[in-house]
Amino acid sequence: MAFKIGLLGLGTVGTGTAEILLNPEGRHPLIQDITIEQIGVKSLEKKRSIELPTNIFTTDLEAIVTNPDIDIVVELIGGLEPARSLILSAIEHGKHVVTANKAVMARFGPEIYEAANNAKVYVLLEAAVGGGIPIVEPLKQSLGANRFENIIGIVNGTTNYILTQMTQNGVDFEEVLKEAQALGYAEADPTADVGGLDAADKIAILASLAFGGKVKREDVYCEGITKITSSDISYAEKLGFVIKLLAIAHKVPDTEKLQLRVHPTFVPKSHPLANINGVNNAILVEGQPLGQVMFYGPGAGSGPTASAVVADIMNIVGVLHSNKKAENLDPLLSCSPQNYCVVTPIEDVYTRFYARFLCADVPGVIGHLGMAFGDHSVSLESVVQIGFQEDLAEIVVVTHKVREGNFRSAIEEIRSLNAIKNIPSIIRVL
Ligand code: HSE
């Protein structure tokens, strides 16, 4: 049986998707059953790197999602609107949907899944997280027998590239960002990547899948990498860590409480995520009785992301090959998140901290710091004073696991100490 797809967008990922579908040789035979019926683009004049019949192009995207001949709409335009409305319209018109749109799915996933379940169509999004790395379907299917405890990911290639360059070459953030933009590894407007927002979208999606509940995107605590300095990178190295932007979803065992956060993190050099470098992504999944598995590979790019898009199209074609209309949706392929997850406020999360203080080099400063932490039940693991910045002493503290609210109260007290001139960095420790 032949399946017709409508492609919304022919950018990097759309072109990669078309390239796979037009060259089925040596690939799974199901690909031969898939044809591109229409492609929605912004401009019909734009020169394309791929040869396609001109009559399949249109600028009328609504005409694609309502076209009765199309079985599967593949949304690759990104952004919130018109992507969200087009997805909902496609569902309303009985189309299955494949999307790489993490921003839409992290914010409107519950609304979209509800509409899809009512219309008995599938919405698949493997390409939205981790590019070519299979992580969405493994959470839904291959690892489905587990009770998940931790999903910890490096899920943004841009920031991982920047932090890797800062670590390996001792270069400052701004300089590496400029270089990454010149090489095409960072967007002209890098806010979503360097601000951690892209990673927050991705962990919201993974948490919803792993923990079976709806996640409010605004419940994901989010800090980016813009304040990381080469001093912090160098202290991390001396203390036995590397700095990574981690996206963390942690379910406290035997409770309903979920922690959801994205922030730069000191990762011990011996940890499997410490060695994920450059634009690569990796996601460590921990569950019972599985233990740990790590998924690693290219988290973006035309070919890898298109590989995930086409796999989703094939999954739909595979379950529907004898009947295009699903009587009942396959529960392993569809999503029905139930209640909203109870997310722990960041103040109540227990974690370790690294903090760097610049202070007057006078007697008693370390004593005052220790007292302030002690007053708020923050136990210190190590205190070092190695360097000077101009005439100020640089004191670095690593805490034991403490409640974040207590740590913040201690920091407020420390800010009011006369000898403390600045607290340039506070970074959580894994
Ligand atoms: N901008 C993303 C990244 C790629 O840097 O990883 C697509 O999700």
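**Close-up views of a predicted model**

Val279 is located in the loop that runs between strand 10 and strand 11.

**View 1. A nonpolar patch on the surface of the predicted model includes Val279.** Leu183, Tyr185 and Val279 together make this patch, which covers about 270 Å². Is Val279 buried or partly exposed? Val279 has a relative accessible area of 36%, so Val279 is partly exposed.

**View 2. Two cis peptide bonds, each leading into a proline, are shown here.** Most peptide bonds are trans. Glu81 and Pro82 are joined by a cis bond with omega at about 10 degrees. Pro82 sits in the loop between strand 4 (72-75) and helix 3 (83-92). The other bond runs from Gln288 to Pro289 and is also cis, with omega near 5 degrees. Pro289 belongs to the loop between strand 11 (280-288) and strand 12 (291-298).

**View 3. Asp254 and Ser377 have positive phi values.** Most residues other than glycine have a negative phi. For Asp254, which is not a glycine, phi is positive and near 65 degrees. The loop that holds Asp254 connects strand 9 (241-251) with strand 10 (257-268). Asp254 is exposed, with a relative accessible area of 85%. Ser377 is not a glycine either, and its phi is about 60 degrees. Ser377 is in the loop between helix 12 (365-375) and strand 15 (380-389). With a relative accessibility of 58%, Ser377 also counts as exposed.

**View 4. Cysteines are shown in a structure with zero disulfides.** Why does Cys335 have no bond to the closest cysteine sulfur? That sulfur belongs to Cys341 and is 12 Å from the sulfur of Cys335, which is too far for a bond. A disulfide needs the two sulfur atoms within 2.5 Å. Cys335 is buried, with a relative accessible area of 10%. Another cysteine, Cys359, is buried at 1% relative accessibility.

**View 5. Phe241 and Phe266 form a tilted aromatic pair.** The structure has six aromatic pairs by the rule used. In the pair of Phe241 and Phe266, the ring centres are 5.4 Å apart and the planes meet at 50 degrees, so the pair is tilted. The two residues come from distant parts of the chain, with Phe241 in strand 9 and Phe266 in strand 10, 25 residues apart. Both Phe241 and Phe266 are buried.

**View 6. Phe373 and Phe407 form a stacked aromatic pair.** Their ring centres are 5.9 Å apart and their planes are at 20 degrees, so the pair is stacked. Planes under 30 degrees apart count as stacked. This pair links distant parts of the chain: Phe373 is in helix 12 and Phe407 is in helix 13 (residues 404-415), 34 residues apart. Phe373 and Phe407 are both buried. Phe353 and Phe357 join Phe373 and Phe407 in one aromatic cluster.

**View 7. Two lysines each place a charged end over a tyrosine ring.** Which ring lies under the charged end of Lys216? It is the ring of Tyr340, whose centre is 5.1 Å from the charged end of Lys216. The charged end of Lys238 sits over the ring of Tyr235, 5.1 Å from the centre of that ring.

Notes:
Residues are numbered from 1 along each chain as its sequence is written. This is a predicted model: local features need pLDDT of at least 70, side-chain atom pairs count only at pLDDT 80 or more; totals for chains, interfaces and linings use all residues. Side-chain values use heavy atoms; hydrogens and water are left out. Helices (H or I, at least four residues) and strands (E, at least two) are DSSP runs, numbered from the N terminus. Buried means under 20% relative accessible area, exposed over 50%, partly exposed in between (1.4 Å probe, protein chains only). Patches are made of residues with over 30% relative accessible area and no salt bridge: like charges are joined within 9 Å, nonpolar side chains (Val, Leu, Ile, Met, Phe, Trp, Tyr) within 5 Å. Accessible areas come from the Shrake-Rupley method with a 1.4 Å probe; for residues, only the protein chains shown count as cover. A salt bridge is a side-chain nitrogen of Lys or Arg within 4 Å of a carboxyl oxygen of Asp or Glu. Rings of Phe, Tyr and Trp (its six-membered ring) pair if their centres lie within 6.5 Å; planes under 30 degrees apart count as stacked, over 60 as edge-to-face and the rest as tilted. A charge sits over a ring if NZ of Lys or CZ of Arg is within 6 Å of the ring centre and within 35 degrees of the ring normal.
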